[in-house]
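User: Could you walk me through this chain with a few questions and answers? I'd like to see how each answer is reached.

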Amino acid sequence: MKARVPMNFKREAKKEILRLVNNEYNKVRSKENEDITRRIFKTMMFVLNQNFGFGHDRLNKALKEMTEVIKHSSEDEVFWEHLDRVVIDQLKLPFQRDYTEKGQVVNERRRE
C-alpha cells in the first residue's frame, strides 16, 4: 500500500507553510552571507598583514571601520552608488558598478 499525503490544504495553511519556508530560507541565506563576508574580511586581513605590514592594532581598527561601513550599506539606499564613485571613479579600481533600486542592490548586468 502506498502512503499518500493530501495536497488540498486550506488557503491559510498554504500561506503559513510558505511563510515558514521563506523564514527558514532567509535564515540560511543570512548565514551564508555572513560566512562569505567573514571569509572576505579574513582574507583581506591576511593580505594586509602579509604584504603590507599591517599589525594587530591597524588590522583591528580596519576591521572595525569596515564593519561599520557595511552596517550602513543596509540603511542607506544610495550607499553603493556613493561607494562606487569613490572606489571606481576616484581610485580607478577595477570593480563592477552596483546600483540601488528602492534600497536593493541591483547589479549592472541585470539592468540591461
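Analyst: Happy to. One definition to begin with: a residue is called buried under 20% relative accessible area, exposed over 50%, and partly exposed in between. Please keep in mind that this is a predicted model.

User: Thanks! With that scale, is Lys92 buried or exposed?

Analyst: Lys92 sits in the loop between α3 and β1. Its relative accessibility is 64%, and the exposed class begins over 50%, so Lys92 counts as exposed.

User: What is the phi of Lys92 near?

Analyst: Most residues other than glycine have a negative phi. Lys92 is a residue other than glycine, yet its phi is positive. The value is near 60°.

User: Which secondary structure pattern does the chain follow?

Analyst: The chain has 4 helices and 2 strands. Read along the sequence, they give the pattern α-α-α-β-β-α.

User: At what angle do the axes of helix α1 and helix α2 cross?

Analyst: Two packed helices are described by the angle between their axes and the distance between the axes. Here helix α1 covers residues 11-52 and helix α2 covers residues 56-73, and their axes come within 11 Å. α1 passes α2 in a right-handed crossing. The crossing angle is roughly 145°.

User: Which residues of α1 and α2 make the contact?

Analyst: Let's take the two sides of this right-handed crossing in turn. From α2, the contact uses Leu59, Ala62, Leu63, Met66, Thr67 and Ile70. From α1, the residues are Phe41, Met44, Met45, Leu48 and Asn49.

User: How many salt bridges does the chain have?

Analyst: Side chains of opposite charge can pair when their charged atoms come close. The cut-off used here is a side-chain nitrogen of Lys or Arg within 4 Å of a carboxyl oxygen of Asp or Glu. By this rule the count is 6.

User: Which residue forms a salt bridge with Arg19?

Analyst: Arg19 lies in helix α1, and its partner is 3 residues away in that helix, about one turn. The closest N and O atoms of the pair are 2.6 Å apart. Arg19 is partly exposed at 45% relative accessible area, and the partner is also partly exposed, at 36%. That partner is Glu16.

User: In the salt bridge of Lys31 and Asp35, is Asp35 buried or exposed?

Analyst: The side chains of Lys31 and Asp35 meet at 2.9 Å, N to O, and the two residues are 4 apart in helix α1, about one turn. Lys31 counts as partly exposed at 47% relative accessibility. Asp35 has 14%, and buried means under 20%, so Asp35 is buried.

User: Why are Lys71 and Glu68 separated by about one helical turn?

Analyst: Their side chains meet in a salt bridge of 3.5 Å, N to O. Both are partly exposed, with Lys71 at 46% relative accessibility and Glu68 at 38%. They are separated by about one helical turn because they are 3 residues apart in helix α2.

User: And which residues are joined into one network by salt bridges that share partners?

Analyst: Here we return to the bridge between Lys31 and Asp35 in helix α1. Shared partners link this pair to a further residue. The network consists of Lys31, Asp35 and Arg38.

User: Which residues make the nonpolar surface patch?

Analyst: The patch measures about 380 Å². One of its members, Phe95, lies in the loop between α3 (79-90) and β1 (98-101). Phe95 is exposed, because its relative accessible area is 54% and exposed means over 50%. The residues of the patch are Val86, Leu91, Leu93 and Phe95.

User: Finally, what share of the residues of the chain counts as buried?

Analyst: The accessible surface of the chain comes to about 10,200 Å², with 56% belonging to carbon and sulfur atoms. Among contacts with a separation of 6 or more, 10% come from residues 24 or more positions apart. Of the 112 residues, the buried share is 12%.

Notes
Residues are numbered from 1 along each chain as its sequence is written. This is a predicted model: local features need pLDDT of at least 70, side-chain atom pairs count only at pLDDT 80 or more; totals for chains, interfaces and linings use all residues. Side-chain values use heavy atoms; hydrogens and water are left out. Patches are made of residues with over 30% relative accessible area and no salt bridge: like charges are joined within 9 Å, nonpolar side chains (Val, Leu, Ile, Met, Phe, Trp, Tyr) within 5 Å. Accessible areas come from the Shrake-Rupley method with a 1.4 Å probe; for residues, only the protein chains shown count as cover. Buried means under 20% relative accessible area, exposed over 50%, partly exposed in between (1.4 Å probe, protein chains only). Axes are lines fitted to C-alpha atoms, for helices over the stretch in contact, and angles run from 0 to 180 degrees between N-to-C directions. A crossing is left-handed if the near helix is turned anticlockwise from the far one by less than a right angle, and right-handed if clockwise. Contact means heavy atoms within 4.5 Å.
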